[in-house]
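Hi,

Here is the structure I promised to pass on. Have a look at it first, and my notes on what turned up are underneath.

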Amino acid sequence: MAYPMSDEDREIQERARRFVDEELIPHEVEAEMNGGRLPDELRERHHRLAIELGLYAMNMPRELGGGGMTMLQQVLVSEQIGRATNALGWCVHTPAAWAPKVVSSEQLERWIVPTIRGERHECYAITEEGAGSDVDAIAATARRDGDEYVLDGLKWHVTSFNTADYVFFQAKIADGPSAGAHAMFFVDKDTPGVRLVREPRYSHTYPDTHAVVAFEGVRVPASNLVGAEGDGLDFTYEWFRYERLMIAARCCGAAERLIEEATAFAKERVQFGEPIIAFQAIQHMLADSLTELWAARLMTYGLANGIDRGIDVKVQHAQCSMAKLYASEMANRVADRAVQIFGGRGYMRENVAERFYRELRVDRIWEGTSEIQRNIVADQLAKRGVRTLAG
Ligand SMILES: Cc1cc2nc3c(=O)[nH]c(=O)nc-3n(C[C@H](O)[C@H](O)[C@H](O)COP(=O)(O)OP(=O)(O)OC[C@H]3O[C@@H](n4cnc5c(N)ncnc54)[C@H](O)[C@@H]3O)c2cc1C
């Protein structure tokens, strides 16, 4: 065992593992061969089981119908989810955990509680053609007009726009005393002026698209503003921290699966009269992979535990970046080695290593690229010192 866990933690981990092994992994190749899609009844089954097993909305408060799990427990579940390819694990959805603290009671009832119940689905529209790593460069605007805001902007890479029914839209206030401040809005997808521009194809084979979406003179009631004008970036950063930790967890799960599968193959595959695991070149690839997985896992579990104990939010910020940086780069190295160990089979789409080789690449890009994580870590190091961040 990599880390001390309570009986409840272990039970949750086992519940998630069984779900992934029995319900998701058997359908990966079918999804891969069908553009990421599974039959509706299977999707519905996964959705229902994720709710019944108490995994859905595990990050949301119990009093709102969520799982109320500790951060360590959420990491344990996300790690298991990360063992399946083709985003099959996305049926275990984690809604915006920052929201209940800041939204109005009307917003809670209209968007957040139905999302926790799995009846509504959100997506995030922040990135633009000219604003990726530099979120502050967004050109989208929100102009107050009486009791409404008028929203304009062109958003890129809007993940799950095809399955969502509302959007968190980030813009800058166009005029007035808060001009230039960031603000976030709830926008129902069917609001006039919201237009799907295109759905480009990406490296992975996922059912969810990453759409380019235009917001053209979209009128929403002023009550759709989340928090206050000027709060928008704070929510985004809180979400980034959470997602960075969960990416680290999912990458650990992917690496575990890859190491297990590559080891099993290496023991059974015979060349030159011997199982290839007898060759030192293969052994070393597996040994490096396992060692790096253990390091990433200790980091990820330790950070989750620290968050549960209430460590300083700035320390969390740096450590979430370190965990995401290390675990995502670790998982990419492990996937590369796994492809190599599988040889020609590792280049076939029916092989788990091939799929993870493509799928894990984005974990070094989304929710802040590796370069941006390094910038954050270096900045925090200069401000807080080694012992605070890695003591
Ligand atoms: C599959 C996918 C899904 C996504 N889903 C969403 C979503 O749902 N909603 C959303 O809003 N966005 C989403 N994104 C956008 C994602 O967050 C951005 O792609 C990411 O933040 C990087 O921005 P960019 O692609 O514009 O790259 P850029 O910011 O243009 O960066 C290009 C390169 O320059 C480097 N670079 C930039 N600035 C610096 C610097 N200061 N120092 C060193 N190097 C730097 C980067 O690391 C990178 O290597 C998604 C992206 C992908 C690929």
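The lining of the second largest pocket breaks down by class into 8 charged, 7 polar and 5 nonpolar residues. Bear in mind, here and below, that this is a predicted model. The pocket in question holds about 380 Å³ of space. If you want to find it on screen, go to Gly35, Arg37, Arg201, Tyr206 and Pro207, which lie nearest its centre out of 20 lining residues.

Next, the enclosed spaces. How many cavities of 30 Å³ or more does the structure hold? There are 2 of them. The largest has a volume of about 180 Å³. It is lined by 16 residues, and those closest to its centre are Gly82, Ala84, Tyr206, Arg250 and Asp363. You'll recognise Tyr206 from the second largest pocket, where it is also among the residues nearest the centre. Two elements, α7 (232–268) and α10 (352–359), give two or more residues each to the lining of the largest cavity. The largest share, 3 residues, comes from α7. By class, this lining has 11 nonpolar residues, along with 3 charged and 2 polar ones.

The second largest cavity comes in at about 30 Å³. Its lining is made of Leu258, Ile259, Ala262, Leu286, Ser289, Val334, Arg337, Ala338 and Ile341. In class terms that is 7 nonpolar, 1 polar and 1 charged. Three helices supply at least two residues each: α7, α8 (280–309) and α9 (313–342). Which of them gives the most? That would be α9, with 4 residues. So that you can place α7 in both stories: α7 contributes to the lining of the largest cavity and also to that of the second largest.

Now to the ligand. Its shell consists of 17 residues, with Thr127, Ser133, Thr159, Thr369 and Glu371 the closest. Sorted by class, the shell has 8 polar, 7 nonpolar and 2 charged residues. Both β3 (148–159) and α11 (370–384) put at least two residues into it, and α11 accounts for the largest share, 3 residues.

A few side chains are worth displaying with their distances to the ligand:

- Thr127: an N or O atom of its side chain is 2.6 Å from a nitrogen atom of the ligand.
- Thr369: here an oxygen atom of the ligand is 2.7 Å from a side-chain N or O atom.
- Asn375: a ligand nitrogen atom is 3.2 Å from an N or O atom in this side chain.

How much of the ligand does the protein cover? On its own the ligand has 970 Å² of accessible area, and the protein covers 63% of that.

Last, the overall picture. The protein chain has 12 helices and 10 strands. Its C-alpha trace spans about 80 × 50 × 40 Å along the principal axes. The radius of gyration is 22 Å, which agrees with a compact globule, because a chain of 391 residues folded that way would be near 21 Å.

That's everything I have for now. Shout if you'd like to go through any of it together.

Cheers

Note on methods
Residues numbered from 1 in each chain as written. Predicted model: local features only at pLDDT ≥ 70, side-chain atom pairs only at ≥ 80, totals over all residues. Heavy atoms only, no water. Near = heavy atom within 4 Å. Polar contact = N/O pair within 3.5 Å; in protein donor to acceptor, adjacent residues only side chain to side chain. Areas by Shrake-Rupley, 256 points an atom, 1.4 Å probe, with all protein chains shown as cover. Nonpolar A, V, L, I, M, F, W, Y, C, P; charged D, E, K, R; others polar. 1 Å grid on protein atoms, 1.4 Å probe; cavity = no way out; pocket = protein on both sides within 12 Å on 5 of 7 lines; lining within 4 Å. Points joined across faces, edges and corners; volume = space filled by probe spheres on them. Rg over C-alpha atoms; globule rule 2.2 N^0.38 Å.
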